[in-house]
Amino acid sequence: MTKYPTLRHIMVLLTGTAISQIVVMGVSIFTARLFTPETFGQFAVYGSLTAIATTIASLRLDMAIMLPEDDDEARRIARVATLSNVIVAGLFTVAAFALRDLVIAQYDDPELASWLLMGGFTVFFVAQVTMMQFWYNRKTQYGTISLNRVQQAIGSAGGQLGFGLLGLRSLPGLIFGTLIGQAYAFVNLRVRATSLYQPIPDGTTSTRALLARYKKMPLLNMPNALVDSVRINGITLLIGTVALGAVGQFNLAWRILQVPIGLINSAISQVFFQKLARVRPGGMLPLVRFTIIRSLLISIVPFGLIYLVAPWLFTFVFGQQWDMAGDFARALTPWLAMQLVTSPISTVFVVTNNQQWMLTFSVVFCAAPLSLLYFSPLALLDTVFWLGLLMAGMLMIMLAMSLLAARGYDRRRPDPAEPGTGADPEPPEPTV
């Protein structure tokens, strides 16, 4: 790890992600017995709506912080992203108030509609933490990112558990508990981010010029990310219209299956985004191919075990009231296994300047599962089984697209003005 810095960075982030996931898993054993599936269903709808808003909060300019060679240009981009986060968070609160009757009509739940007003805080905290993490990623300060994830997990999971033990076993208990961790993560990073908030000297490229340079972020990458978020969260929102208890069961299965994915991919994808952003033409395809093969090998054992033991494991760990969650977990296994494979290389479309490819794919990738859920004549569990197979097949198409994008990038001549060509290539690293 001393010789190969990428491996060292991955292990630093992996450690923080592992600890945070262990904390969430451990606390979930208790909160699953303190809160009902219906309450978790309410919280899943709240989380899905805020997640969609968070996706577009910074106009995807947070990712552009990684791209300029000059730190002052990156700081200026961060200022714009912060302003956008504030505006979108405020608009979410206004929309939650204005559309209260619509939420009640869809979910028959006045309590959910009322507490959605707190969503603006969630949107701001999460979006701003994400923006600052890109700055730390740029500066290769992965230890700070890793520690922050642990602190946020302890704060949110511990907050939910604390409110549950105190008797607030309803939607406000889950919301306020989560906000504790999100607010602490924000404050902690903000205090440490002194280099991000240094004055920007005169002569730095103007905001208008930077927005023109990275215009594909809000124009192409943001719609792509929005479609992706609508797909993931739209599934939860559609299931919630059937029954909040059912979406609570589905969401528990989804969250627990994200543990092996989050344990590995969150670290690898951030580090490889930084590496992809600096690779020269000629080195992209080998790096992408290596990442895909490694991720395939990593996914076999954990997801094979999940498929075999999920129905028994969920009721044993979380209690008999979560009897449907294990069946949902088994049905989702193929999809989430392929998600582990595709997540690390998803940023290749940004680095190779092919966001339009991913936007087109994402529209289809969004429409397919939502159409299946909406029009399926099958029972909910059977529908989710076919959903898992459908999404796994589509992610295989995405892998082929990423290889084509990397091959096309490698055929270009190096251009110093283009992101990804401004640094010397690193020596090849060994297979992990």
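Here are some notes on the salt bridges and one pocket of this predicted model.

1. Starting with the charged pairs, a search over the whole structure turns up 5 salt bridges. Three of them are worth walking through, with a word on where each partner sits.

2. Take Arg138 and Asp71: they form a salt bridge, and their closest N and O atoms are 2.8 Å apart. Arg138 belongs to helix α7 (residues 119-138) and Asp71 to helix α4 (residues 71-98), so this pair ties together parts that lie 67 residues apart in sequence. As for burial, Arg138 is buried, at a relative accessible area of 11%, while Asp71 is partly exposed at 22%. The cut-off matters here: buried means under 20%, so Asp71 does not count as buried.

3. That pair has company. Lys139 joins Asp71 and Arg138 in a network of salt bridges, so have a look at Lys139 too when you inspect this spot.

4. Next, a pair inside one helix. Arg75 bridges to Asp72, with 2.8 Å between the closest N and O atoms. Both residues are in helix α4, 3 residues apart, so about one helical turn separates them. Is this pair buried or exposed? Arg75 is buried, and Asp72 is buried as well.

5. Helix α11 (residues 216-242) holds a pair with the same kind of spacing: Arg231 and Asp228 are 3 residues apart, or about one helical turn. Their salt bridge puts the closest N and O atoms 2.2 Å apart. Arg231 is buried, with a relative accessible area of just 5%, whereas Asp228 is partly exposed at 28%.

6. Now to the second largest pocket, which has a volume of about 290 Å³. It is lined by 13 residues, and those closest to its centre are Leu49, Leu99, Leu102, Val103 and Tyr107.

7. Which helix gives the most to that lining? It is α5, with 4 residues. Helices α4, α5 (100-107) and α11 each supply at least two residues of the lining. Helix α4 also carries Arg75 and Asp72, and α11 carries Arg231 and Asp228, so both helices come up in each half of this note.

8. Last, the chemistry of the pocket wall. The lining of the second largest pocket splits into 11 nonpolar residues, 2 polar ones and no charged ones.

Definitions and conventions. Residues numbered from 1 in each chain as written. Predicted model: local features only at pLDDT ≥ 70, side-chain atom pairs only at ≥ 80, totals over all residues. Heavy atoms only, no water. Salt bridge = Lys/Arg side-chain N within 4 Å of Asp/Glu carboxyl O. Buried < 20%, exposed > 50% of the residue type's maximum accessible area, 1.4 Å probe, protein only. 1 Å grid on protein atoms, 1.4 Å probe; cavity = no way out; pocket = protein on both sides within 12 Å on 5 of 7 lines; lining within 4 Å. Points joined across faces, edges and corners; volume = space filled by probe spheres on them. Nonpolar A, V, L, I, M, F, W, Y, C, P; charged D, E, K, R; others polar.
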